[in-house]
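Here are a few exercises on helix packing and salt bridges, each with a worked solution. Have a go at each task before you read on.

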Amino acid sequence: MAFVDDVKYATTNLISLLGSEKNQIAELSDKLSSAEAKFSHFQLDFEASDLHEDFSDTYVQHAFIKMAKAKKDRDEIEAEIGALRSVILNRKMALQSLSGALLQIAKQGISIAHGGLGACPGGRMIGQSKLKEVVWQARNQSLHYEEGRLRQPVLDLFNQMVADFDDRFSLALHPNKNMAEDVIEVLGWIDYSRFERDMLELAV
């Protein structure tokens with residue numbers, strides 16, 4: 001119980017921050033979708049603003065002004081799309097890092113309480129895997145995913161999670177992805193109470 005109490009302030013705020021980040025990413029994604037739709041509209045306007053020599057000077061001038069405005073609108077939206085994509089990517093990377101930090105805290109709880117994975121109670125089942133295995137191996141994947149050399153227990157855990165859930169956990173399809181956020185979602189650690197209940201099983 002002492003470990004759970006000791007990390008309560010940090011984990012409560014971390015989980016709250018995770019929720020806030022996810023909400024902001026969703027809002028940015030909505031803005032991106034809207035901007036992409038506008039871009040398609042302005043691109044059509046630009047492509048439709050063609051000039052023909054057999055029209056009057058007034059028509060050609062009007063068509064040129066229309067084309068120039070459509071191009072300006074299109075270019076501005078294109079710049080906005082690029083900026084939104086960059087922000088979303090950075091926020092997702094931050095979200096993955098925060099999720100990895102939560103897994104790290106949980107793994108440390110197991111280590112402090114039991115000295116390692118072997119003596120730790122299994123905890124509830126996550127698909128066909130024990131909670132302790134999910135926490136331990138997902139933390140290892142989050143910490144070492146960029147190295148490209150993951151140990152067999154990590155590979156086995158994520159292969160099982162693909163079978164239990166879906167391909168978002170496939171290390172073959174996503175070789176350079178930090179899976180921490182997806183694991184946290186499956187664990188249901190989106191509020192402190194679920195995290196606390198699990199840690200009271202694992203870290204005592």
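**Exercise 1.** At what angle do the axes of helix H4 (residues 131-144) and helix H6 (residues 180-187) cross? Work out the relative direction of the two helices, then list the contact residues.

Solution. Keep in mind that this is a predicted model.

- Step 1: the axes of H4 and H6 come within 10 Å and cross at roughly 160°.
- Step 2: angles over 145 degrees count as roughly antiparallel, so H4 and H6 are roughly antiparallel to each other.
- Step 3: for the handedness, H4 passes H6 in a left-handed crossing.
- Step 4: on the H4 side, the contact is made by Leu-131, Val-134, Ala-138, Gln-141 and Ser-142, and these meet Ala-180, Val-183 and Leu-187 of H6.
- Step 5: sorted by class, the contact of H4 with H6 has six nonpolar and two polar residues, with no charged ones.

**Exercise 2.** How far apart are the axes of H4 and H5, and at what angle do the two helices pack? Describe this contact in the way you did for H6.

Solution.

- Step 1: the axes of H4 and H5 are 9 Å apart, and the packing angle is about 115°.
- Step 2: the range from 65 to 115 degrees counts as roughly perpendicular, which makes H4 roughly perpendicular to H5.
- Step 3: H4 passes H5 in a left-handed crossing.
- Step 4: Glu-133, Val-134, Gln-137, Ala-138, Asn-140 and Gln-141 are the H4 residues here, and they meet Pro-153, Val-154, Leu-157, Phe-158 and Met-161 in H5.
- Step 5: by class, the contact of H4 with H5 has seven nonpolar residues, three polar ones and one charged.

**Exercise 3.** Which residue forms a salt bridge with Glu-21? Place both partners in the chain and say how accessible each one is.

Solution.

- Step 1: the partner of Glu-21 is Arg-91, with the closest N and O atoms 3.0 Å apart.
- Step 2: Glu-21 sits in helix H2 (residues 8-48) and Arg-91 in helix H3 (residues 57-114), so the pair links distant parts of the chain, 70 residues apart.
- Step 3: under 20% relative accessible area means buried, so Glu-21 at 11% is buried.
- Step 4: Arg-91, at 21% relative accessibility, counts as partly exposed.

**Exercise 4.** Is Asp-198 buried or exposed? Find its salt-bridge partner too.

Solution.

- Step 1: Asp-198 counts as buried, at 0% relative accessibility.
- Step 2: Asp-198 forms a salt bridge with Arg-124, the closest N and O atoms being 2.8 Å apart.
- Step 3: this pair also links distant parts of the chain, 74 residues apart: Arg-124 is in the loop between H3 and strand S1 (125-126), Asp-198 in helix H7 (residues 192-202).
- Step 4: Arg-124 counts as partly exposed, at 22% relative accessibility.

**Exercise 5.** Which residues are linked with Asp-182 in a network of salt bridges? Take the bridge to Arg-168 apart as well.

Solution.

- Step 1: the network links Asp-182 with Lys-22, Asp-166, Arg-168, Lys-177 and Glu-185.
- Step 2: within it, the side chains of Asp-182 and Arg-168 meet in a salt bridge at 3.9 Å, N to O.
- Step 3: Asp-182 belongs to helix H6 and Arg-168 to the loop between helix H5 (152-164) and H6, 14 residues apart.
- Step 4: Asp-182 counts as buried at 9% relative accessibility, whereas Arg-168 is partly exposed at 25%.
- Step 5: for the whole model, the count comes to nine salt bridges.

How values were computed: Residues are numbered from 1 along each chain as its sequence is written. This is a predicted model: local features need pLDDT of at least 70, side-chain atom pairs count only at pLDDT 80 or more; totals for chains, interfaces and linings use all residues. Side-chain values use heavy atoms; hydrogens and water are left out. Axes are lines fitted to C-alpha atoms, for helices over the stretch in contact, and angles run from 0 to 180 degrees between N-to-C directions. Helices (H or I, at least four residues) and strands (E, at least two) are DSSP runs, numbered from the N terminus. Angles under 35 degrees count as roughly parallel, over 145 as roughly antiparallel, 65 to 115 as roughly perpendicular and the rest as oblique. A crossing is left-handed if the near helix is turned anticlockwise from the far one by less than a right angle, and right-handed if clockwise. Contact means heavy atoms within 4.5 Å. Ala, Val, Leu, Ile, Met, Phe, Trp, Tyr, Cys and Pro count as nonpolar, Asp, Glu, Lys and Arg as charged, and the others, Gly among them, as polar. A salt bridge is a side-chain nitrogen of Lys or Arg within 4 Å of a carboxyl oxygen of Asp or Glu. Buried means under 20% relative accessible area, exposed over 50%, partly exposed in between (1.4 Å probe, protein chains only).
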